[in-house]
Number of protein chains: 2
Amino acid sequence: MNIIEPRVLKGFRDFPPSAEIERRGLIENIEASFRSFGFAPIDTPALEYAEILLGKGGGETEKQVYRFTDNGGRDVALRFDLTVPFARFIAARRSEITLPFKRYHIAKVWRGENTQRGRYREFTQCDVDIVGSNSPASDFEILLVMRDTLKAIGAGDVTIHINHRGLFNRFLATLGLLDKSVDILRLVDKSAKIGRDAVVERLAGIAGGKAEKILQFIEAKGDFEEVLARLTGLSGGPSPESGRLAALRAYMLQHAAASGAAGGADAFTLDPSITRGLDYYTGIVYETFLNDMPEIGSICSGGRYDNLASLYSKENISGVGTSIGLDRLIAALEALGRLEQRVSYARIAVACLKEADAGAYQAIAGRFRDAGLACEVFFAEEKLAKQYMTAEKKGVQWLIIPPLDNPLRGNLTLRNLAARENSEPLSIEEAAARLKAVLEA
Amino acid sequence: MNIIEPRVLKGFRDFPPSAEIERRGLIENIEASFRSFGFAPIDTPALEYAEILLGKGGGETEKQVYRFTDNGGRDVALRFDLTVPFARFIAARRSEITLPFKRYHIAKVWRGENTQRGRYREFTQCDVDIVGSNSPASDFEILLVMRDTLKAIGAGDVTIHINHRGLFNRFLATLGLLDKSVDILRLVDKSAKIGRDAVVERLAGIAGGKAEKILQFIEAKGDFEEVLARLTGLSGGPSPESGRLAALRAYMLQHAAASGAAGGADAFTLDPSITRGLDYYTGIVYETFLNDMPEIGSICSGGRYDNLASLYSKENISGVGTSIGLDRLIAALEALGRLEQRVSYARIAVACLKEADAGAYQAIAGRFRDAGLACEVFFAEEKLAKQYMTAEKKGVQWLIIPPLDNPLRGNLTLRNLAARENSEPLSIEEAAARLKAVLEA
């Protein structure tokens, strides 16, 4: 018979135990943080009507989406983000939902992107959103969730760069350039990629003599208060948008003082160069950088939007949210050496001296499992030296060697594989207590 | 603008918080049990080359699979189970894997099945397999994982019905009917659905006068030892297959005696009517029924297979595994009232007395979160009576009412929403201690 090559599609990945244990651990910690703020999980189908997912018919997106006709003749597509399905979910379930509604959704999405840029065609997003509140207090909570979650998973301190889309538009209006907003946003968003000179040149093409003024706006630097004063001035004086940023700043200072966290408010910076390009945001927008590895780029970004579900509902539902890019986060944490590498959750195993005693060995292992220790049982009656080698390959640190005869009656021996040392004879209780003390230290 | 109806594809489902919290809790408990036995997680792509997934070209399966041509012209399909991708995974990574390899995989799969039978087109499988060991000790471990996992998640005691495919084939060989094995298996598998009489009639069509003898085999009843003796006799006397079942039985008795679990071996019964139809099993097969709700059908089934990866590799890799059907399990646990219903993880929330104090309220909530209590913060400065109602709708049991002025200086009040009672004034530490005591009791 011909052998089929066991290949995986380009841009798709297997996660063997070492990678999957790492990912699962990280996701579990992210979830714990989201839950602690009162966000509840939802899930939605991987496959939806194409009409639902592509309603707005975004050009870029449409080319990337996995779309096909199913066996029932339906025009369907794999979800390419978690926001569009969330909008559909909200519209469909509006009557049963209590607003403000706080949900998280951690799941895979699919985009047939060019993989040359180190991007994947199947990847995981971790989204958290609050819909149905227009309060700046909900904006602040999202900022705090990002900061605290990244801290909780060991990513360290972050700097969250914040801007307000509406304030930038107000500024453009004072220049008579509001109708060029999309082109200008697109250009500003590229500045890190194409460089300041190219931006200046292209801006001149769009905005003529006002290019320099636009650059003054987006390049405003200093502490939060200084930048806010400057942007407020450039955009024609105090406005609801500058007021919202001021309210957020007051929350930051109040929270930092109340938490006793020295410099807690330093995590937030007002950065008018952050625009989130062509996204659907209408209020504040933000990108989050790790202080220990800013060069890897934004780990977590989002903003406030009006009219989330406008395609599917006549009701206006606004919200604010953020999305953690799990792959980039993992790349950063791996580079920083902050992810534990292991191939199994079991650090202990019961050796096999007689295959006929496998029932008793499982009973011994059961006692360790009951004590909260994941425990393997070896199946093959092999020389102990060989079992030591197998154990080490599997990430097992201690081998439990039962008595040869009557495995449950006599005392057992613990083999410390790294130290190549055997313990004195121990009862199961003594052995479990010792292993718990060592492994949970 | 036209509104798009926010509908979901037939056979697909949204999981709102109440359902998703239930599912996630269950999956987390299943995972904890799998991990305690030393099984490690893997993940594989949702989308694979159709050639990989449909290699054997199974007729039924091929009709149900979501298959299409991607934008790069590749013939691709959504996975319809977790076993085929696992076989491909093993073949591709054979050199980096230490055998025996124990993996679990909990993920969604897709089949365009007829949904009238209460089946879904997107559903979750929980698979656990041991590959690279032919020892009966590995068969026994899988039986134990099923029993202990279902116990650990609150499904109660189970009865695992075990049979051996090879023993049945050996029996058919003594009748000269081995070449009719597939047809007979298919028929036996249908007996619960079409009834004994129909089976007798159709069996006569295949096996002539030997139909009655076949029924004697598959209807053998009694305790494990009695049935084993009968099947051994009917299949021509002791064989490797009957020996394997005897070894398994010895493990069961040894384990029950050693665990001090009275009647622990009663969880296992030898049932020659279990055949697992047309599956690829070659050794033992099993189905698992809840003692408290056997009528819902098998919750967890599987068996031993040879040559898992034969489509993709010349190496023979045998294994044994099982799969929990999450949807049926949830249906059973819901009917038994063993799943907690909640819409949020947060049972406490900080009320909003002044929107301008949202920074301080988050700092207060942060103290409760640090104490391990998930805590919401309300954003809207509304009358307390209204906040009580919102809290109850969100599943919040206690509302934390901060002091109106200087929210972090004075004492706060706890509102017990069900009892409609306020506490005396408490410090944050006192309040956290009290809530922990009540909520973690």
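The following dialogue reads several features of this predicted model.

Q: By what turn and shift can chain B be laid on chain A?
A: One superposes the copies and examines the turn and the shift along the axis. Here a turn of 180° with a shift of 0.0 Å along the axis lays chain B on chain A, at an RMSD of 0.1 Å. That is the relation of a two-fold axis. Among the residues of chain B, B:Phe68 comes closest to the rotation axis, with its C-alpha at 3.2 Å.

Q: How many residues does the contact take from each chain?
A: The size of an interface is often given as the accessible area lost when the parts come together. A count of residues is given here: 89 from chain A and 89 from chain B. On the side of chain B that touches chain A, 47 residues are nonpolar, 23 are charged and 19 are polar.

Q: Through what surface do the copies meet?
A: The copies meet through the same surface, because 100% of the interface residues of chain B are also interface residues in chain A.

Q: Which strands are at the edges of the five-stranded sheet of chain B?
A: An edge strand pairs on one side only. In chain B the open sheet has the order 13-12-14-15-16, with mixed pairing, and its edge strands are strand 13 (375-377) and strand 16 (421-422). Strand 15 (residues 413-416) of chain B runs antiparallel to strand 16 of chain B, joined to it by two bridges. B:Arg415 stands opposite B:Asn422 in strand 16 of chain B.

Q: Which strands of chain B does helix 14 lie across?
A: Helix 14 (residues 358-370) of chain B lies across strand 12 (348-350), strand 13 and strand 14 (398-401) of chain B, and runs at about 175° to strand 13 of chain B.

Q: Why is helix 5 of chain A described as largely enclosed?
A: A residue is buried when 20 or more other C-beta atoms lie within 10 Å of its own. By that criterion 13 of the 17 residues of helix 5 of chain A are buried, so this helix is largely enclosed by the rest of the structure. Helix 5 (residues 136-152) of chain A reaches 24 Å from its first C-alpha to its last, close to the 24 Å expected. A:Gly154, which follows this helix, has a positive phi near 90°.

Q: What backbone values are found at A:Pro100 and A:Arg420?
A: The peptide bond from A:Leu99 to A:Pro100 is cis, with omega near -10°. A:Arg420, a residue other than glycine, has a positive phi near 55°. A:Arg420 counts as exposed, because it has 8 C-beta neighbours inside 10 Å.

Key:
Residues numbered from 1 in each chain as written. Chains lettered and ligands numbered in written order. Predicted model: local features only at pLDDT ≥ 70, side-chain atom pairs only at ≥ 80, totals over all residues. Contact = placed C-beta atoms within 7 Å. Nonpolar A, V, L, I, M, F, W, Y, C, P; charged D, E, K, R; others polar. Pairing = 2+ DSSP bridges. Helix = DSSP H or I, 4+ residues; strand = E, 2+ residues; numbered from the N terminus. Axes fitted to C-alpha atoms, helices over the stretch in contact; angles between N-to-C directions. Expected span 1.5 Å × (residues − 1). Buried ≥ 20, exposed ≤ 12 C-beta atoms within 10 Å, placed from the backbone. Least-squares fit on C-alpha atoms with pLDDT ≥ 70 in both.
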